[in-house]
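This report is meant for a reader who has not met the structure before. Please keep the sequence and the 3D view at hand while reading.

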Amino acid sequence: MYVGIFGDVIFSVGHLRTLTLSNFKGTSGAKWVDHEVIGGKAKSEYIAPKLMEYTCDILLDADHGVNPRKMLNRLKQMTENGEVHYFIIGFAPLSKNRFTITSMSDSWDAVIKHGLLVQCKVSLTIKEYVG
């Protein structure tokens with residue numbers, strides 16, 4: 001069953017393959033500036049919305065039908081090349097704008113004979129891109 005998509009990375013749950021997000025957290029806000037007033041309180045002025053930013057974890061597990069090394073390499077490539085894509089959960093994008101991976105960390109949880117990676121946890125930070 002389809003969960004979402006980011007570029008060519010498809011999140012789904014099924015009997016042959018499971019690739020999902022966990023600990024998905026986001027922030028948004030507004031930019032404000034304060035103008036000092038002599039003898040009085042500062043006057044606040046709204047400038048613009050801030051770019052949205054999300055963090056999430058992804059479990060890459062060979063037992064769930066995912067090739068951890070291949071997926072890890074693809075995510076690194078997306079990060080290092082500054083690729084921008086729509087981030088879609090369900091059938092709705094998170095924003096009208098695309099997102100880019102601003103940071104990525106990985107934890108190799110299970111490596112077996114001949115250095116075969118069978119389980120890896122990836123933590124991503126994605127940020128809204130307006131270009």
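The text below goes through the sheet, the aromatic pairs, the salt bridges, the cysteines and the backbone angles. The model is a predicted one.

**The five-stranded sheet**

Five strands make an open sheet in the order β3-β2-β1-β9-β10, with antiparallel pairing. The edges are taken by β3 (18-19) and β10, each with a single partner strand, so one side of each has no neighbour in the sheet. Within the sheet, β1 and β2 (residues 9-13) run antiparallel and are joined over four bridges. I5 is placed opposite I10 of strand β2.

I10 is partly exposed, with 39% relative accessibility. Together with Y2 and F91, I10 makes a nonpolar surface patch of about 350 Å².

**Aromatic pairs**

A search of the whole structure gives seven aromatic pairs. One of them joins Y2 and F91, whose rings are stacked, at 5.1 Å centre to centre and with 25 degrees between the planes. Y2 belongs to strand β1 (residues 2-6), while F91 sits in the loop between β9 (87-89) and β10 (92-93), so this pair ties together parts that are 89 residues apart in sequence. Y2 is partly exposed at a relative accessible area of 34%, whereas F91 is exposed at 77%. These two residues are also members of the nonpolar patch described above.

Another pair is made by W32 and Y46, and its geometry is edge-to-face: the centres are 5.6 Å apart and the planes are at 70 degrees. Strand β5 (residues 30-37) holds W32 and strand β6 (residues 40-49) holds Y46, so the parts tied together are 14 residues apart in sequence. W32 is exposed, its relative accessible area being 54%. Y46 is partly exposed, with 42%.

There is also an aromatic cluster, formed by F6, F11, F24, Y54, F87 and F99.

**Salt bridges**

How many salt bridges does the structure hold? The number is three, and they are listed here with the separation of their closest N and O atoms.

| Salt bridge | Closest N and O atoms |
|---|---|
| R74 and D8 | 3.0 Å |
| K121 and D57 | 3.8 Å |
| E83 and R74 | 2.9 Å |

R74 forms a salt bridge with D8 and also one with E83, and D8, R74 and E83 are thereby linked in a network of salt bridges. R74 is in helix α1 (residues 68-80) and D8 is in the loop between β1 and β2, so the pair of R74 and D8 ties together parts that are 66 residues apart in sequence. R74 counts as buried, at 18% relative accessibility, while D8 is partly exposed, at 49%.

K121 and D57 form a salt bridge. K121 lies in strand β12 and D57 in strand β7 (residues 53-61), so parts that are 64 residues apart in sequence are tied together by this pair. Here K121 is partly exposed with 38% relative accessibility, and D57 is buried with 12%.

**Cysteines**

A disulfide is a covalent bond between the sulfur atoms of two cysteines. The count of disulfides in this model is zero. Why is C56 without such a bond? The closest cysteine sulfur to that of C56 is in C120, and at 13 Å it is too far for a bond; the cut-off for a disulfide is 2.5 Å. C120 is likewise in no disulfide, the nearest cysteine sulfur being that of C56. C56 is buried, at a relative accessible area of 4%, and C120 is buried at 0%.

**Backbone angles**

Most residues other than glycine have a negative phi. N23 has a positive value, near 50 degrees. This residue, N23, is part of strand β4 (residues 21-27), and N23 is partly exposed at 47% relative accessibility.

H114 also has a positive phi, near 65 degrees. Where is H114 placed? H114 is in the loop between β11 (98-112) and β12 (116-129). With a relative accessible area of 76%, H114 is exposed.

How values were computed
Residues are numbered from 1 along each chain as its sequence is written. This is a predicted model: local features need pLDDT of at least 70, side-chain atom pairs count only at pLDDT 80 or more; totals for chains, interfaces and linings use all residues. Side-chain values use heavy atoms; hydrogens and water are left out. Rings of Phe, Tyr and Trp (its six-membered ring) pair if their centres lie within 6.5 Å; planes under 30 degrees apart count as stacked, over 60 as edge-to-face and the rest as tilted. Helices (H or I, at least four residues) and strands (E, at least two) are DSSP runs, numbered from the N terminus. Buried means under 20% relative accessible area, exposed over 50%, partly exposed in between (1.4 Å probe, protein chains only). Two strands pair if DSSP finds at least two bridges between them. Patches are made of residues with over 30% relative accessible area and no salt bridge: like charges are joined within 9 Å, nonpolar side chains (Val, Leu, Ile, Met, Phe, Trp, Tyr) within 5 Å. Accessible areas come from the Shrake-Rupley method with a 1.4 Å probe; for residues, only the protein chains shown count as cover. A salt bridge is a side-chain nitrogen of Lys or Arg within 4 Å of a carboxyl oxygen of Asp or Glu.
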